[in-house]
Amino acid sequence: MSQQQKILLVTGGSRGIGRSIALHAAQRGIGVILTFNNQQKHGQAVADEINNNGGKAIALHLDIANTASFDDFTITVRDILKEKWNRTSFDYLVNNGGIGQRVLIKDTTESIFDQLVNVNFKGVFFLTQKLLPIIADGGQIINISSGLARFAFPGSAVYGALKSGLEALTRYFAKEFAARRIRVNSVAPGAIDTEFGGGKGDENQRQQMAAMIAAGRLGEADDVGAFVASLLSDDSRYLNAQRVEVGGGIFI
Ligand SMILES: NC(=O)c1ccc[n+]([C@@H]2O[C@H](COP(=O)([O-])OP(=O)(O)OC[C@H]3O[C@@H](n4cnc5c(N)ncnc54)[C@H](OP(=O)(O)O)[C@@H]3O)[C@@H](O)[C@H]2O)c1
């Protein structure tokens with residue numbers, strides 16, 4: 001009898017790191033529910049690429065800042081699990097979608113602060129809470145953190161503090177979800193060459209950044225995507241409540 005397909009739900013799967021996580025997971029035979037926020041075309045393109053290559057994927061809209069939409073989103077996910085996979089639960093949740101904005105503390109308005117909190121922390125907390133009943137026992141949650149939770153970079157105070165908070169939340173999730181054998185870890189990308197927060201600057205800034213990385217280069221989305229997908233298996237079964245930095249050795 002063939003084994004039931006494992007299923008991943010990854011937020012922010014339309015671009016960058018989330019897109020790469022979705023594609024690498026699909027290559028490993030995992031079914032994918034990916035979400036997009038503003039970029040429906042990109043989100044659909046990722047799902048199409050997976051479906052056209054023999055995998056199974058669907059792209060759904062989700063604004064992580066809109067906690068009021070989470071009940072309906074959860075119902076939609078339930079319906080899709082039933083229709084597409086004949087299942088009542090999924091196996092892996094990757095909280096990846098996020099925003100960054102470089103702004104010094106003196107210039108940080110309450111509106112910028114709230115936006116960063118809502119997407120990068122509050123949304124992750126309540127989305128996980130709402131989805132928890134349909135995450136399978138023995139499943140996994142991975143929260144995408146940041147190197148900026150470990151080192152301070154001017155202009156990233158709120159973002160970095162929120163990612164530190166997310167790493168603490170990871171340990172609390174692991175503690176409280178242990179009764180259902182759900183493991184929870186955080187993966188902290190270093191400087192990854194995506195459009196995040198407006199990109200990695202001009203050539204000069206990029207070279208300066210690369211010089212601070214033992215690997216001698218910025219990371220690519222696939223450097224993180226391949227790693228996260230590799231955790232989505234029983235091979236990582238004893239990894240729990242940990243932070244793993246995927247940064248090529250940045251600021252060591
Ligand atoms: N790139 C880096 O250097 C770096 C370093 C450390 C950590 N990270 C973390 O890695 C994660 C992914 O970053 P990335 O580099 O892949 O960024 P990206 O290329 O800018 O992609 C961001 C993704 O998040 C989604 N998103 C943004 N706001 C959202 C919202 N309100 N609700 C739902 N989804 C939303 C976007 O969806 P749409 O495009 O559909 O709007 C997109 O799919 C983030 O959590 C980020 O903090 C990145």
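# Sheet, helices and ligand

Me: Which strands does α5 lie across, and how does α5 run relative to β6?
Reply: In this predicted model, α5 lies across β5 (135-144), β6 (183-189) and β7, and α5 runs at about 165° to β6. Angles here go from 0 to 180 degrees between N-to-C directions, so about 165° puts α5 close to the opposite direction from β6.

Me: What makes you say that helix α7 packs on the sheet?
Reply: Helix α7 (residues 221-231) touches β4 (90-95), β5, β6 and β7, where a contact means heavy atoms within 4.5 Å. The direction of α7 also makes about 165° with that of β6.

Me: Why are β3 and β7 called edge strands?
Reply: The open sheet has seven strands in the order β3-β2-β1-β4-β5-β6-β7, with parallel pairing. β3 (57-61) and β7 (243-246) each pair on one side only, which is why they count as edges. Neighbouring strands in this sheet are turned by 20° against each other on average, ignoring direction.

Me: How do you know that β1 and β2 pair?
Reply: Two strands need at least two bridges to pair. Strand β1 (residues 7-10) and strand β2 (residues 31-36) have four, in the parallel sense, so they qualify. V10 stands opposite L34 in β2.

Me: What makes N38, Q39 and K200 polar contacts of the ligand?
Reply: The cut-off for a pair of N or O atoms is 3.5 Å. A polar backbone atom of N38 is 2.8 Å from a ligand oxygen, and for a polar backbone atom of Q39 the distance is 2.9 Å. K200 uses a polar side-chain atom instead, 2.9 Å from a ligand oxygen. Those distances are within the cut-off, so these pairs count as polar contacts.

Me: How much of the ligand does the protein bury?
Reply: Taken alone, the ligand exposes 900 Å², and the protein buries 95% of that.

Me: Which residues come nearest to the ligand, and what makes up the shell around it?
Reply: There are 31 residues around the ligand, and R15, N37, N96, Y159 and T194 come nearest. The shell divides into 12 nonpolar, 14 polar and five charged residues. α1 (16-27) and α5 (157-177) each supply at least two residues of that shell.

Methods
Residues are numbered from 1 along each chain as its sequence is written. This is a predicted model: local features need pLDDT of at least 70, side-chain atom pairs count only at pLDDT 80 or more; totals for chains, interfaces and linings use all residues. Side-chain values use heavy atoms; hydrogens and water are left out. A residue is near a molecule or strand if one of its heavy atoms lies within 4 Å of it. A polar contact is a pair of N or O atoms within 3.5 Å; within protein, one must be able to donate a hydrogen and the other to accept it, and residues adjacent in sequence count only if both atoms are side-chain atoms. Accessible areas come from the Shrake-Rupley method with a 1.4 Å probe; for residues, only the protein chains shown count as cover. Ala, Val, Leu, Ile, Met, Phe, Trp, Tyr, Cys and Pro count as nonpolar, Asp, Glu, Lys and Arg as charged, and the others, Gly among them, as polar.
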